[in-house]
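Hi everyone, thanks for making the time. Let's have a look at the structure together, and I'll talk you through a couple of its features.

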Amino acid sequence: MTPLSGAPSTLAFVESPVQLLNVLEWVHTQAVTEPYDLTIVVLSPRDPMSRGQLRRMAELARGEGCAVRWEDAREGAGAPLRTVAGLAPALRRARTVVIGDPFSRYVQLLLTLVKAPNLVVVDDGTATMEFAGQLARGERLVRWHRRGTGGGARELLLAPVTTSARRRLAPGPRRTVELFTAMPVTEALPGITVTANELAWTRARFGPPRITRTADMVGTSLVETGVVDLEHYIGAVRSLTLDHGATRYFAHRRENTDKLHRLARETGLEIVRPDLPLELIARRGPIGRTILSFPSTVVHTLPRALVGTDVKVAVCDVDPGWLAADASPRARGFLAGVTGTARDVRKLRVLPAT
C-alpha cells in the first residue's frame, strides 16, 4: 500500500481500468506534472480480469508521475469500513476529488466525507449518459440495466448515503462540478461543466497502430448483465463473423469463460483477453481494418482513439428479439440511444433474432 503523504491537492477514486484511463486523460488536459498533485486510489474489485487490467494501468499511471494507492477494498467483511476510515483524513483535506463511478455505493459513501470545492466525474462509459440525465431530472441514481424500483432492504439502508452523494454531485456556491466524458451528454444539471474527452493522452502515448487486412470484433457483457439472451448473442456473433470475415474477438473483462469457450468453438474466432482497456490495445496495434461492435462505450471512444488512421468502427444494434426475458424495460431504448448518438461509425444492418 502506498501511503497518502501530506495533503494531496487531488484525490481520484477508480474501480475499473477504463476509469483509471480516463483519470489519466483528464490529468493530461489539466497539465498536472508534479507527482504530489494527484494520488489515484484504486478501490480494487474482486473480478480477476479487472484487477489484472488495473494493475497494468497503475503501472502506466506511475510512469506518468502519479502516486497510486491500491486498496483491497472488498477483501473481507471489515474491508469497506477500514478503507473508508483510512481515507477519511485525506478526503477532508483534498481540494479536488475525481471519481469514476457515481453509481458505486462505495464511492457514494466516500462522497459523504468530501469537503473539496472541486468535484470531477470522469468517463465511465455508457453509464455516464444515464448519470447525467438522472442527475438533471432529480431521479435516483440507478444503472440503466437494473430492474425494479430498488426498494430492497439494502437499498433502504443506503438511501441516506445515496441522497447525500447526489447532493454533493450537484454544483453550488461552494462547489464546482465537472463532467469529463467522451460520451454524448444531452442533459446536464445547470452549472455542471461538461468537458469533452478526446483521448488525447492515449493518442500521444501510443501508436499509430499497424493495421491488418481483417476485421476484429469487440465483445460485450450484455449477456452477463442480464440484458441479452445468450443464444441470440452467440447467433449474432456467428453471423457478423461470417459476413465480415472477423478473426479475433476482444473479450470484455466481465465476460463469462464458458461463453467465450463456446464462441471460440462455434465461430472459429480467436478469443483475446486484453491486459489493458481496448482503446490502448487498438492504438498500440496491430488492429483490424474494421472493428465490429455491439452498442457499447467503444463505439464512442475508438473513433477518437483511432482518428487519423484507416480503421473503421462498425456497430450492430441489438434487435429487440435478442433481449432477455427479464431485461430492464429501459434496455431497448438506452441501447438504441448509445448507437444512435455515435459519430464516425458505420451502422450495420440489425440482425433479426434467430
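**A sheet and a helix pair**

Let me start with two strands: S8, residues 215-218, and S11, residues 290-293, which pair in the parallel sense over three bridges. If you'd like a spot to click on, find Ala215, which stands opposite Thr290 in S11. Please keep in mind that what you see is a predicted model.

Now zoom out from that pair. In what order do the six strands of the open sheet run? They go S10-S9-S8-S11-S12-S13, with parallel pairing. At the edges sit strand S10, at 270-272, and strand S13, at 346-348, and each of these pairs on one side only. From one strand to the next, the twist averages 25°.

On to the helices. Helix H8 covers residues 230-244 and helix H9 covers 257-267; the two pack with their axes 10 Å apart, at an angle of about 40°. Roughly parallel stops under 35 degrees, and perpendicular begins at 65, so H8 and H9 count as oblique to each other. As for handedness, H8 passes H9 in a right-handed crossing.

Which residues make the contact? From H8 we have Leu230, Glu231, Tyr233, Ile234, Val237, Arg238 and Thr241. H9 brings in Lys259, Arg262, Leu263, Glu266 and Thr267. Sorting the residues of this H8 and H9 contact by character gives five nonpolar, five charged and two polar.

So, to recap for your notes: an open sheet of six strands with parallel pairing, and a pair of helices, H8 and H9, in a right-handed crossing. Thanks for listening, and I'm happy to chat afterwards!

Methods. Residues numbered from 1 in each chain as written. Predicted model: local features only at pLDDT ≥ 70, side-chain atom pairs only at ≥ 80, totals over all residues. Heavy atoms only, no water. Pairing = 2+ DSSP bridges. Helix = DSSP H or I, 4+ residues; strand = E, 2+ residues; numbered from the N terminus. Axes fitted to C-alpha atoms, helices over the stretch in contact; angles between N-to-C directions. Parallel < 35°, antiparallel > 145°, perpendicular 65-115°, else oblique. Left-handed = near helix turned anticlockwise from the far one by under 90°. Contact = heavy atoms within 4.5 Å. Nonpolar A, V, L, I, M, F, W, Y, C, P; charged D, E, K, R; others polar.
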